[in-house]
Amino acid sequence: MTREITLSKAVNEAIAEEMRRDPTIFLIGEDVAEAGTPFKVLSGLVEEFGTDRVIDTPISEPGFMGMAVGAAMTGSRPIVDLMFGDFIYLVMDQLCNQAAKTHYMSGGKLKVPLVLRTNMGATRRSAAQHSQSLQAIVAHIPGLKVAMPSSAYEAKGLLKTAIRDDNPVVIFEDKLMYNDKAPVPEEEYLIPFGKANIKRAGRDITLVATSSMVQVAEAAAKILEADGISAEVIDPRTIVPLDEETILNSVRKTSRAIVIDEGHQNYGVTAEIASRISEKAFYHLDAPVIRMGAMDVPVPFSPALEDLTVPTAAKVVENARKICRGELVHAA
Amino acid sequence: MSANPKHNAEDYIRMYRQMVRIRAFEDNANQLYLSAKMPGLTHMYTGQEAVAVGICEALTAEDKITSTHRGHGHCVAKGAEFKEMFCELLGKEEGYCRGKGGSMHIADQGNGNLGANAIVGGSMGIATGSALSAKRLGNGQVTVCFFGDGATAQGLWYEVMNMAALWKLPVIYACENNGYSEYTKTAEIAAGSLTARAESFGIEAFKVDGQDVLAVNKITTELVERCRKGEGPFFLELQTYRYHGHHVGDINREYYRSKDEEADWKESRDPIKNFGKWLSEQKILTEEELGAVDSEVAAEAKAAVDYALEAPYPNAAEVDMHVFAGVEHALDYLAGGRA
Ligand SMILES: Cc1ncc(C[n+]2csc(CCOP(=O)(O)OP(=O)(O)O)c2C)c(N)n1
Ligand SMILES: [Mg+2]
């Protein structure tokens, strides 16, 4: 049986199901219990699992992140709720120097099975410190896995996999998608890491897109279809690990690629994926691989400016048309 | 309230007006939100006016403050104009930050407001650094660091308090304890006593009724003077209350805060009503004169809102300006172009 639920509900269900299955799992973060987070993603969990397992903290991100690392090393499986992705800067030491490296530094003896759930995404008029998409910063660090769900279905399956993983996993949910509904089976399912999803098959160009950019790519593909351009849309689902094979196979077929992610373009997720395509499918390419990330500026508050900073379907279409015609996107 | 009304009538009237201005600003901002004319969310300062005004009236325009996500009150109290503030809230070009910052990042450099901050506790380092700078430059400036009770949970505070105490920096940490950190009562997030935390660094700490503008102003005036003499830092815990929800969208909040509690603060401890009453008892202003202040301020706010609603948005070309100082357009610069 499948029903339509919101991404928020999908996350809630994934956590509840896993917490019922495994008593070592606990949730920790700010206003996660009675308030159920400002986005109401965790509503109802404290009623079922109690305040022993759904733990409200003071506004002490480095503190509770560090405690989650220690708890994970000693038999618990914490799920940390970081209210905004932008606050990842506060927990960087605990996440990147401690959680990410412990297994390696201990020669494989210690494990850190924790999940850091946080979010990303601009255009909510929340300005520069509540709008960033910082997945690239985390993906840069060896030892951390990074998942980027693109729908309610993806969010549930990826989160359940993350919770069962014996490594630190960071999940970025797009804030704008919390109320978006998608069909989700009632039966249990997991989505494995490192297996990309071909959202739409096509012949002429490959659009690799993460998180909410999958919707943008799909919208662009529809418009391009009317032009006679057939676009294949690929959702990598996890950027660490990255399913190179599915992406490369697609590009070998289409010979063209645009990579879309909402993080900053400079030194970003799009740069990484584009360069892997260029390195490994170079002789199949008919055009340079195009990166489309957020503009390399802090996210501005003013709606008149903010909307200019994110990739849109119209810009994807424009770039796709150009490279399909053999024109350069970035004239020197 | 105890003070000498004869000497300071003008100061008192200005304090009253500034508190009324903050309230009017917030009432209008809330209306803009409710009528879907303001982008995003905002955090109302209503109820806490005596804190910002009592403190900022003890400072000069050169003295610095750092502010918070609940920062409109600090901004007004430090001398900002309504027009530029409403323009900022609406993302307009004439806003204090050219629409780039919005409510949570409003700054008013000309009046010593180093800016609001959307990271709880994010300004504690900045304020302490500003005090370090003042000490090094020997300019006599004092910095006030505003933050909420919730922010006392940030480890940064303890690091900077330690250094401020070691180096006798001219900074006043002003904790506005409004009883709540988002949807959680302060008692559930703060162990022990806040003043004792500061005292453990050898910092003198004071608990003040944050609804009493004269009490706040009196202690701050003393501490500012002592800071200028090199006797800082200090800590103030100001008991206060926010009348609205955590942000304008936090409407159904009975699950964490009762309506009776809200009504009680509004009725018996309102800083503006009580100070107005005192002003008329002391024959500094009559009821009519108080009413005249209220209506002048209301007209000022309305004019500023009308202006801001009509004001233009920034030009699209501004989007990559101001990323780097000394660089006109960041995108050209990042691509190796010249500044
Ligand atoms: C580092 C950080 N963590 C969490 C938040 C989300 N947040 C915004 S305001 C707030 C509560 C702050 O409480 P307090 O310091 O008491 O200030 P008040 O809102 O009461 O004025 C929280 C948790 C944030 N903005 N920054
Ligand atoms: Mg508070």
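1. Let's begin with A:Leu7, which sits in helix α1 of chain A, the run of residues 7–21. This is a predicted model, and in it A:Leu7 is buried, with a relative accessible area of 1%. Setting aside residues up to four places away in sequence, A:Leu7 touches A:Ser151, A:Ala152, A:Ala155, A:Glu173, A:Met177, A:Tyr178 and A:Asp180. Its C-alpha atom is 9.4 Å from that of A:Asp174, although the two positions lie 167 residues apart along the chain count.

2. Staying in chain A, have a look at A:Ser131, in the loop between β5 (115–120) and α5 (135–139). A:Ser131 has a relative accessible area of 3%, so it counts as buried, the cut-off being under 20%. Its side chain reaches the backbone oxygen of A:Ala127 at 2.6 Å. Beyond the neighbours within four places in sequence, A:Ser131 is in contact with A:Asp86, A:Gly121, A:Ala122, A:Ser126, A:Lys175, A:Val299 and A:Glu306.

3. Ligand 1 is a good place to go next, as it lies between chains A and B. Of the 22 residues around ligand 1, those that come nearest are A:Glu61, B:His69, B:Arg70, B:Ala118 and B:Gly150. The shell as a whole divides into nine nonpolar, eight polar and five charged residues.

4. Which polar atoms lie beside the nitrogen and oxygen atoms of ligand 1? From chain A, a polar side-chain atom of A:Glu61 lies 2.5 Å from a ligand nitrogen. From chain B, a polar backbone atom of B:Val120 is 3.0 Å from a nitrogen atom of the ligand, and a backbone N or O atom of B:Ala151 is 3.1 Å from one of its oxygen atoms. Taken alone, ligand 1 exposes 580 Å², and the protein buries 96% of that.

5. B:His69, one of the residues that come nearest to ligand 1, is placed in the loop between β1 (64–66) and α3 (72–77) of chain B. With a relative accessible area of 18%, B:His69 is buried. Its contacts, leaving aside neighbours within four places in sequence, are B:His43, B:Met104, B:Asn117, B:Val120 and B:His246. You may recall B:Val120 from the previous point, where its backbone accompanies a ligand nitrogen.

6. The magnesium ion, ligand 2, has its protein donors in chain B: B:Asp149 (OD), B:Asn178 (OD1) and B:Tyr180 (O), at 2.1 to 2.2 Å. Along the chain these donors follow the spacing D-x28-N-x1-Y. B:Asp149 and B:Tyr180 link distant parts of the chain, 31 residues apart: B:Asp149 is in the loop between β2 (143–148) and α6 (155–166), while B:Tyr180 belongs to strand β4 (residues 180–181). B:Asp149 is buried at 0% relative accessibility, and B:Tyr180 is buried at 6%.

7. Two cis peptide bonds deserve a look at the backbone. In chain A, the bond from A:Val240 to A:Pro241 is cis, with omega near 0°; A:Pro241 is in the loop between β12 (238–240) and α8 (244–254). In chain B, a cis bond joins B:Gly232 and B:Pro233, with omega about -5°, and B:Pro233 lies in the loop between α8 (213–228) and β7 (234–239).

8. Finally, two residues with positive phi. B:Ala36, not a glycine, has phi of about 60° and is placed in the loop between α1 (5–34) and α2 (49–56) of chain B. B:Glu182, also other than glycine, has phi near 55° and lies in the loop between β4 and β5 (184–185) of chain B. Are these two exposed or buried? B:Ala36 is exposed, with a relative accessible area of 67%, whereas B:Glu182 is buried, at 16%.

Technical notes
Residues numbered from 1 in each chain as written. Chains lettered and ligands numbered in written order. Predicted model: local features only at pLDDT ≥ 70, side-chain atom pairs only at ≥ 80, totals over all residues. Heavy atoms only, no water. Near = heavy atom within 4 Å. Polar contact = N/O pair within 3.5 Å; in protein donor to acceptor, adjacent residues only side chain to side chain. Areas by Shrake-Rupley, 256 points an atom, 1.4 Å probe, with all protein chains shown as cover. Nonpolar A, V, L, I, M, F, W, Y, C, P; charged D, E, K, R; others polar. Helix = DSSP H or I, 4+ residues; strand = E, 2+ residues; numbered from the N terminus. Buried < 20%, exposed > 50% of the residue type's maximum accessible area, 1.4 Å probe, protein only. Contact = heavy atoms within 4.5 Å. Donors = N, O, S within 2.8 Å, 3.2 Å for Na, K, Ca; no water.
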